[in-house]
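I sat down to look up how the nonpolar residues are grouped and how one helix is placed. My notes follow the model.

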Amino acid sequence: MSHDRAGGAGKLAGQLSLKDRQALLKGLMRERRGAGDRDDRIPRRTLSGPLPLSFAQQRLWVVDRLEPGSPAYNMPYALRLVGALDLAALRAGLDTLVRRHETLRTTFAQHDGVPVQVVHPPAPVALPLVDLRGAPDATGRAERLAAQEARRPFDLERGPLLRSILLRLGDEDHVLLFTLHHIVSDGWSRGVLVREISALYGALSRGEEPGLPELPVQYADYAVWQRRWLSGATLEAQIGYWKEKLGGAPPLLEIPTDRPRLAGQSPEQASHTFDLSPELSQGLRALAQAEGTTLFMTVLAAWQVLLGRYAGQDDVVVGTAVAGRNRPETAGLIGFFVNLLSMRADLAGDPTWIRLLGQVRETALGAYDHQEIPFERLVEELGAERSLTHAPIFQVAFALNRSGTEGQLSLGDLELRPFGGGGGAAKFDLELAVAEEGETFGAVLAYRPALFDEATIVRLAGHLETVLEAMVADPQRRLSELALVRGAERVQLLEGWNATAAGFPAGTVHELFHAQ
């Protein structure tokens, strides 16, 4: 697609509603990719020997070899079930779910030095029941157990890689804990799991036969197909694009930390939650519409500017996750499809906000257009340094999320809603997630307490709001005109810490010495 045509589409997008604009941008991405390579279906495997890992699985297998038992890629999910629970239906539903999805009964071994998938026959799923009725502060105890379970390590070779535990707080009050390893699951998969276990439980509790449609393929079919499809000219085109885009990028974003990076630091993750004002939220929507960008691109530009200012760098790479389910057969599967894309921003030359937004838009569209190359393969091709102190290529991530509807799900006659307490481990130094919550945006800034103090993160969040407000207020201004420090912080910095005047007694030096 020519530059003129892309620019015309961008101007048109600015005149459309948010929903229509996003549909237009998706259409542009499909056009760039071309129609020919999306029509082939993923076949069921005919391979009878060892099953290969997908490229994404291979990345996590390597990570597990570097840090065996690390909880960094545990995926905990806790649900509170309120109402009369049919335990037999729940157990039968879990058994059916695991029988239906091969990946939930898969482990990983080595064959001739190469990692392979091992799909095991269906078997009853363990569902230990922990009775907390009568325990003091049963909810608090459940939260602590959920947190412990979320960090319990997996053995990829022995499995199982799905763990389920049921906590009984009262006769009609339970907490169901799921923990999966990321190598067999992702965020999309969690939605599939909850929807299907809800449907299975509902049918079984009514004495009906579950009516879920047959899955067209299994995850191992996808892995076999991916290895065959992503090769030759297709692979070279993907790799060539990323080599051009990421060549010479700095290996580390040098953000000042409160503590030095050390191998073996705690993977614990903490988070700071904050909201953007309705006025700022509306301003971001208006700016995105005017400039033909999505909200993701708009907030990403501000985030990259802030990170560059903190690190003193004009070259900033931020990572983002994409679902990686570009073919219809994968939509209903539980498995690890998500991929990581690298968004690189060039802040040199003191551009205006508008110019930067245009650059970020083109970078994002190009990245989506070349999202097939697995991140792990990209790391290898770029020769990126592997370190136990920081992630390769990028150490900071960003996501724009949509408000979920999980709280509206049900399990038969049971009310089902998320349950707190199942924390996770940090995969990156910083992760910013922004979500639309009605008229406003809510944000969560996750970080490593091993590197950053809470006060530092709170200040960083405040500076992000400052950057967003400056961008919305006058997108024609240049980045050099951005002032991060304002209000009480500015007074403290310029006046409080510079109040160094001190009084001295009168007299000559020898008189003062004599007096002393």
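These entries cover the nonpolar cores and then one helix.

Entry 1, the cores. I worked from a predicted model. I looked up the largest nonpolar core and found 99 residues in it. Leu284, Trp303, Leu307, Phe398, Leu430 and Leu432 are the members that touch the most others. I then asked which helix gives the most to this core. Helix α10, residues 295–311, does, with 12 residues. I took Leu307 as an example and listed what it touches, leaving out residues up to four places away in sequence. The list reads Leu253, Ile255, Val316, Val318, Val396 and Leu430. Another core, of 27 residues, lies apart from the largest one, and its members include Tyr77, Ala89, Leu90 and Val194. As background, I noted that nonpolar side chains tend to be buried together in soluble globular proteins.

Entry 2, helix α8. I found α8 at residues 232–246, 15 residues in all. From first C-alpha to last, α8 reaches 21 Å, close to the 21 Å expected at 1.5 Å a residue. I checked which residues of α8 are buried and wrote down Leu235, Gln238, Ile239, Tyr241, Trp242 and Leu246. These buried residues lie on the same side of α8, because they cover an arc of only 155° around the axis. On the face turned away from that buried side I found the exposed residues Ala233, Glu236 and Glu244.

Entry 3, around α8. I asked what covers the buried residues of α8. The cover includes β10 (339–346), α11 (353–369) and α12 (375–382). Last, I looked past the end of the helix: Gly248 follows α8, and its phi is positive, near 80°.

Definitions and conventions. Residues are numbered from 1 along each chain as its sequence is written. This is a predicted model: local features need pLDDT of at least 70, side-chain atom pairs count only at pLDDT 80 or more; totals for chains, interfaces and linings use all residues. Side-chain values use heavy atoms; hydrogens and water are left out. A nonpolar core is a set of buried Ala, Val, Leu, Ile, Met, Phe, Trp, Tyr and Cys residues joined through side-chain atoms within 4.5 Å. Buried means under 20% relative accessible area, exposed over 50%, partly exposed in between (1.4 Å probe, protein chains only). Helices (H or I, at least four residues) and strands (E, at least two) are DSSP runs, numbered from the N terminus. Contact means heavy atoms within 4.5 Å. The expected span of a helix is 1.5 Å times one less than its number of residues. The arc is that of the directions from the helix axis to the C-beta atoms.
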